[in-house]
Structure formats: structure tokens, C-alpha cells
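Subject: Structure handover

Hello,

Here is the structure we discussed. Please open it next to this note and follow along.

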Amino acid sequence: YWFDVSAGKPLGGSGFKWIGMLGFYCWQIDRNDLRQDDAFLFGTGLQYQKKDWKLETTISGYLGYLEKEGDKPMVYRASVEKKMSRNALLLRFQQGLHDYKYSTLEAGYKRYF
């Protein structure tokens, strides 16, 4: 299970918004000495929105208490989205920074109903 609180604050009339998230994450693990792992969730970033464009860049992750088992993953994410009437095209990139070795590139299409 997990819970989090997310918030954003517009930075003047510039189109920029600071975004942040804090929370708690708990999951079961397959070990005889421990049955679950707990972690502090976090994330922060900037979002820019102007007309039909939205750009976002964030850093997020969690901090678990199992010291030597990859329990502190962090990722950097960047995305761009272009809205066209009731449709949108998007491009997203994710890069692992700590305890997460993968990079991800995503392209997509959204339809607003």
C-alpha cells in the first residue's frame, strides 16, 4: 500500500509551476527475517504550460531501510505534450539515477473525451 500528498504552486504568471509529492510506501518482501519493506516517497519538479504545450521535468524516488539491496531508487523524468483539439501527442524520457539502472523512452497519443 502507499499514500502520498501532491501539491503544486504557480510561479507568478510565467506559465511555470513547482510540483512536489511526499508519501509513504509499504510492500511485502520474500525474506524469512523480514516480511515487509517501508519507504519514504518523494518527488519534485517543474512544469511549464503555455497554450497547447506542456513541458515537465521531475526527480522522484523512495528511500527504504534495507541498506544494501537497491532500496533507494531515484529517477529523472522529462516529458513534452502537444495538445491538438481533443487529441495530444506526447514524448517522455526516464533515466535511472540511483539503484535503478534503466532508461525508458515513450511516445504516445491521447484522446480526450
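**Pockets**

The strand that gives the largest share of the lining of the largest pocket is E4, with 5 residues. Keep in mind that this is a predicted model.

The largest pocket holds about 300 Å³ of space. Its lining counts 21 residues. Ile19, Glu56, Thr58, Ser60 and Arg77 lie nearest the centre. At least two lining residues come from each of these strands: E1 (2–10), E2 (16–28), E3 (36–50), E4 (53–64), E5 (74–84), E6 (87–98) and E7 (103–111). By class, the lining has 11 polar, 6 nonpolar and 4 charged residues.

The second largest pocket holds about 180 Å³ of space. Met21, Leu41, Phe42, Ser60, Gly61, Tyr62, Pro73, Met74, Val75, Arg77, Gln94 and Tyr100 line the second largest pocket. Two or more of these residues come from each of E3, E4 and E5. Here the classes are 8 nonpolar, 3 polar and 1 charged.

Two names appear for both pockets. Ser60 and Arg77 are among the residues nearest the centre of the largest pocket, and Ser60 and Arg77 also line the second largest pocket.

**Strand pairing around E4**

Which strands pair with E4, and in what sense? E3 runs antiparallel to E4, and 12 bridges join them. E5 also pairs with E4 in the antiparallel sense, over 9 bridges.

Two positions help you find your way. On the E3 side, Ala39 stands opposite Gly64 in E4. On the E5 side, Thr57 stands opposite Ala78 in E5.

Look at the hairpin of E3 and E4 too. There are 2 residues between the strands. Lys51 takes a positive phi there, near 50°.

**Aromatic rings**

A search of the whole structure finds 8 aromatic pairs. Two of them follow.

Take Phe3 and Phe24. Their ring centres are 5.9 Å apart and their planes meet at 35°, so the pair counts as tilted. Phe3 is in strand E1 and Phe24 is in strand E2, so the pair ties together parts that are 21 residues apart in sequence. Is Phe3 buried or exposed? Phe3 counts as exposed, at 52% relative accessibility. Phe24 has a relative accessible area of 25% and is partly exposed.

Now Trp27 and Tyr62. The ring centres are 5.3 Å apart and the planes are at 65°, so this pair is edge-to-face. The cut-off for that label is over 60 degrees. Trp27 lies in strand E2 and Tyr62 in strand E4, so the pair ties together parts that are 35 residues apart in sequence. Tyr62 has been named already: it is one of the residues that line the second largest pocket.

There is a cluster as well. Tyr1, Phe3 and Phe24 form one aromatic cluster.

One ring has a charge over it. Lys83 lies over the face of Tyr112, at 4.6 Å from the ring centre.

**One more residue in E5**

Ser79 lies in strand E5. With 23% relative accessibility, Ser79 counts as partly exposed. Which residue has its C-alpha atom 6.3 Å from that of Ser79? That residue is Phe93, and the two are 14 residues apart along the chain.

**Where to start**

I would begin with E4. E4 gives 5 residues to the lining of the largest pocket. E4 pairs with E3 and with E5. Tyr62, with its edge-to-face partner Trp27, lies in E4 too.

Best wishes

Key. Residues are numbered from 1 along each chain as its sequence is written. This is a predicted model: local features need pLDDT of at least 70, side-chain atom pairs count only at pLDDT 80 or more; totals for chains, interfaces and linings use all residues. Side-chain values use heavy atoms; hydrogens and water are left out. On a 1 Å grid over the protein atoms alone, a cavity is a set of points where a 1.4 Å probe fits but cannot get out, and a pocket is an open set with protein on both sides within 12 Å along at least five of seven lines; lining residues have an atom within 4 Å of a point. Grid points are joined across faces, edges and corners, and a volume is the space filled by probe spheres set on the points. Helices (H or I, at least four residues) and strands (E, at least two) are DSSP runs, numbered from the N terminus. Ala, Val, Leu, Ile, Met, Phe, Trp, Tyr, Cys and Pro count as nonpolar, Asp, Glu, Lys and Arg as charged, and the others, Gly among them, as polar. Two strands pair if DSSP finds at least two bridges between them. Rings of Phe, Tyr and Trp (its six-membered ring) pair if their centres lie within 6.5 Å; planes under 30 degrees apart count as stacked, over 60 as edge-to-face and the rest as tilted. Buried means under 20% relative accessible area, exposed over 50%, partly exposed in between (1.4 Å probe, protein chains only). A charge sits over a ring if NZ of Lys or CZ of Arg is within 6 Å of the ring centre and within 35 degrees of the ring normal.
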